[in-house]
Amino acid sequence: MTALHVDPAVLSSWDVTEEDIRRALGAVFDPELDEPITDLGFVRSLDVQAGSGGTRVEVHLRLPTSFCSPNFAYLMASDSKDVISALPAVTQVVVELDDHHDSDLINAGLAADAGYRGTFLHEAEDSLDELRQMFRRKAHTAAMERCLTDLLRSNASLEATAMGTIRLRDLPAGRNKEALLRRRSALGLPEGADSIVLVDHEGQPYPPDAVPMALRRARSTRISIDGNAHFCRGLLRTRYEGSGADQTARPEGAEAADHHELLPLTVKEIHP
């Protein structure tokens, strides 16, 4: 992704706001948790400075721990710089990752536009494209499971083996179906109403005898993603006081509060 080039003479007519920046960052996802970094509370601060020659944007990101995977961290920081650079009138973008054990390395690579391999050199075993594809597949698997599980729960007469014949048109409209369609689009899978929902990474349906196992694997993937999401949100709130206010409530499961009200301890009198 590259920045849009706008005639300097008209740059001053653009009014890039903090809201514009946050909206752009909403398209950046944590690859493992499959959620926007804005919903997760990973955006620590924004600074937007407009001038006659364009707008300078500085963003600081934070993560739940100092040892979060460096390739995930780089991917989110790099994507953040890309989506902001693509906004008209933005002429300078600084994205920095705070409090990570590889912050200096990642921030230097971003500042130099060195790319993933140029930043990590021999440590960059896989390309970012390979990393993205792996997590897009996991997100798609979880999205399939959510839709099919909703269907099973709403119709007790359905058998698990019948899930291999469910088509997109059979799914009720709503957030989960919309998410599934986005995941299919990202992978280049069919999105037509007649398309089978439960498919492998190549878009091929499963034979009837393989459907129950495919559903179990999909459920395991979905539970892993949801569990990690809740865990990481909690870690962020623990690490950065008040960061819970920057997190968006998560529809998939109950969201833990910043503070738990414990039952009061009482001393029970013991009579002989």
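Buried, as used in these legends, means under 20% relative accessible area.

**View 1. Cys147 in this predicted model.** Here we settle on a single cysteine. Is Cys147 buried or exposed? Its relative accessible area is 5%, so Cys147 is buried.

**View 2. Cys232 and Cys68, two cysteines without a bond.** At 17% relative accessibility, Cys232 counts as buried too. The closest cysteine sulfur to that of Cys232 belongs to Cys68, and the two sulfurs are 6.0 Å apart. A disulfide calls for sulfur atoms within 2.5 Å, so this pair is too far apart for a bond. With that cut-off, the count for the model comes to 0 disulfides.

**View 3. An open sheet of 3 strands.** Follow the strands in the order S3-S4-S5; their pairing is mixed. Strand S3 (43-51) and strand S5 (90-97) stand at the edges. Each of these has a single partner strand, so one side of each is left without a neighbour in the sheet. From one strand to the next, the twist averages 10°.

**View 4. The parallel pair S4 and S5.** Strand S4 (residues 54-61) is joined to S5 by 7 bridges. For a place to start looking, take Val57, whose bridge partner in S5 is Val93.

**View 5. Helices H2 and H4 against the strands.** Helix H2 (residues 18-25) lies across S3 and S4, and runs at about 130° to S3. Helix H4 (residues 70-85) packs on the sheet as well, where H4 touches S4 and S5. The direction of H4 makes about 165° with that of S5.

Key:
Residues are numbered from 1 along each chain as its sequence is written. This is a predicted model: local features need pLDDT of at least 70, side-chain atom pairs count only at pLDDT 80 or more; totals for chains, interfaces and linings use all residues. Side-chain values use heavy atoms; hydrogens and water are left out. Buried means under 20% relative accessible area, exposed over 50%, partly exposed in between (1.4 Å probe, protein chains only). Two strands pair if DSSP finds at least two bridges between them. Helices (H or I, at least four residues) and strands (E, at least two) are DSSP runs, numbered from the N terminus. Axes are lines fitted to C-alpha atoms, for helices over the stretch in contact, and angles run from 0 to 180 degrees between N-to-C directions. Contact means heavy atoms within 4.5 Å.
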